[in-house]
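User: I am new to this structure and would like to go through it in short questions. Please show it first.

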Amino acid sequence: MKRSCRHISSARLTALVLAAVLIATGSLYASAADHGVAVKKSGDDIEVTVDGKLFTRYTMKCAPNKPVFYPILTEEGKPFTRQWPVEPDAAPGESHDHVHHRGLWFTHSKVNGVDFWSEEGSVGKTVTTRLSGIKSGRDQGGFTAETEWILPDGKLIARDKRVITIHSLPDGGRLLDFDITITPTDGPLLFGDNKDGVFGLRLPDSLAVNPAVKPKVAGTGHILSSTGMKDGDAWGKHADWVDYWGPIAGQTYGVAIFDSPMNFRHPQTWHARDYSLFTVNPFGLHDFNLGEKGAGDLTVPAKGSLHAVYRVYFHRRDTEAAKVASQYALFSKPVPVTKTPTPLCGKCK
């Protein structure tokens, strides 16, 4: 039987090999994008996907005077935050109070006497000036954002650096670490005693604890703190962590915020409202009935800085089932790295 064969030139062979490499590389890139935490620039924003699905964006486009994380989505693509007013027609019937409650943010209502929290009237603004350190990975990714604090007259009073890390957990949970250092640029910086601050989010109406507070809200959510305070009793109290959980699109989800033991005034106080506003605020002591007028004031010296670290745990199920306390223990007491070699077998010593 005569065998037929075709001669392939070296040039053609090289081209075929290159094509194969490109195909394999493309598959590799596709695989990397579909698995793990992918962080990338999208115009002026940062976009974060987990296993190929959008988790959140960090953007200046959703609020007039501050950068926010919006949207923040469950694995099924349902919102962890109220959609109004960013998407005013996305969820008919949503509550329309507090127009400045957008996504997840960091700011305060009384900095050198100026309101950076609200959006209406003579207010300050925090503006993203640089995004860097963008990295992706199988289990985590992140970026660094630099921000300027600007008064209504255009005067710069501070800059901050925000180091953001997003972790993907095996059970589908997400961790968002927020590490911020604020540095004055024009003399001392006074964070005044006021309840409206500083780091947190407005959750969906369905998680609200007390529907009577806002007439349109029909929530069945719950609040639980590390000290055992529940629902409305958690407001204004000190705690290592607070968890806010309830139904989102027919399933139980929760959001817990962790206060690092390294933070000033730890354990900090919580502006956790029963109508689904959820923030940690160490500056509201008088407003929280925990001291005299001005008890929550904090002055950052002209040549000093203010550093704080928070973790947000987005989870399925309620506080106990999601093991919020255990997650906080991992955050607050990281497992030390040991230099002792691991034995190769049970008999080794």
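User: Against which strands do the buried residues of α2 pack?

Analyst: This is a predicted model, in which local features need pLDDT of at least 70 and side-chain atom pairs count only at pLDDT 80 or more, while totals for chains, interfaces and linings use all residues. Residues are numbered from 1 along each chain as its sequence is written, and side-chain values use heavy atoms, with hydrogens and water left out. Helices (H or I, at least four residues) and strands (E, at least two) are DSSP runs, numbered from the N terminus, and contact means heavy atoms within 4.5 Å. The packing partners of the buried residues of α2 are β9 (174–184), β13 (241–248), β14 (251–259) and β18 (306–316).

User: Which residues of helix α2 are buried, and why do they line one face of the helix?

Analyst: Buried means under 20% relative accessible area, exposed over 50%, and partly exposed in between, with a 1.4 Å probe and protein chains only. In α2, residues 324–332, this applies to V324, Q327, Y328 and F331. They line one face because, seen down the axis of α2, they fall within an arc of 100 degrees, taken from the directions from the helix axis to the C-beta atoms.

User: How many aromatic pairs does a search of the whole structure find?

Analyst: Rings of Phe, Tyr and Trp (its six-membered ring) pair if their centres lie within 6.5 Å; planes under 30 degrees apart count as stacked, over 60 as edge-to-face and the rest as tilted. The search of the whole structure gives 21.

User: How many residues apart in sequence are the parts tied together by the pair of F106 and W149?

Analyst: The pair is edge-to-face, at 6.5 Å centre to centre and 80 degrees between the planes. F106 lies in strand β5 (residues 104–108) and W149 in strand β7 (residues 140–150), so the parts it ties together are separated by 43 residues.

User: What kind of aromatic pair do F106 and F178 form?

Analyst: F106 is buried at 4% relative accessibility, and F178 is buried at 1%. Their rings are 5.8 Å apart centre to centre, with 20 degrees between the planes, and the pair is stacked.

User: Which residue in β11 stands opposite W105?

Analyst: Strand β11 (residues 197–202) has 6 of its 6 residues buried. Two strands pair if DSSP finds at least two bridges between them, and β5 and β11 run antiparallel, joined by 5 bridges. Opposite W105 in β11 stands G200.
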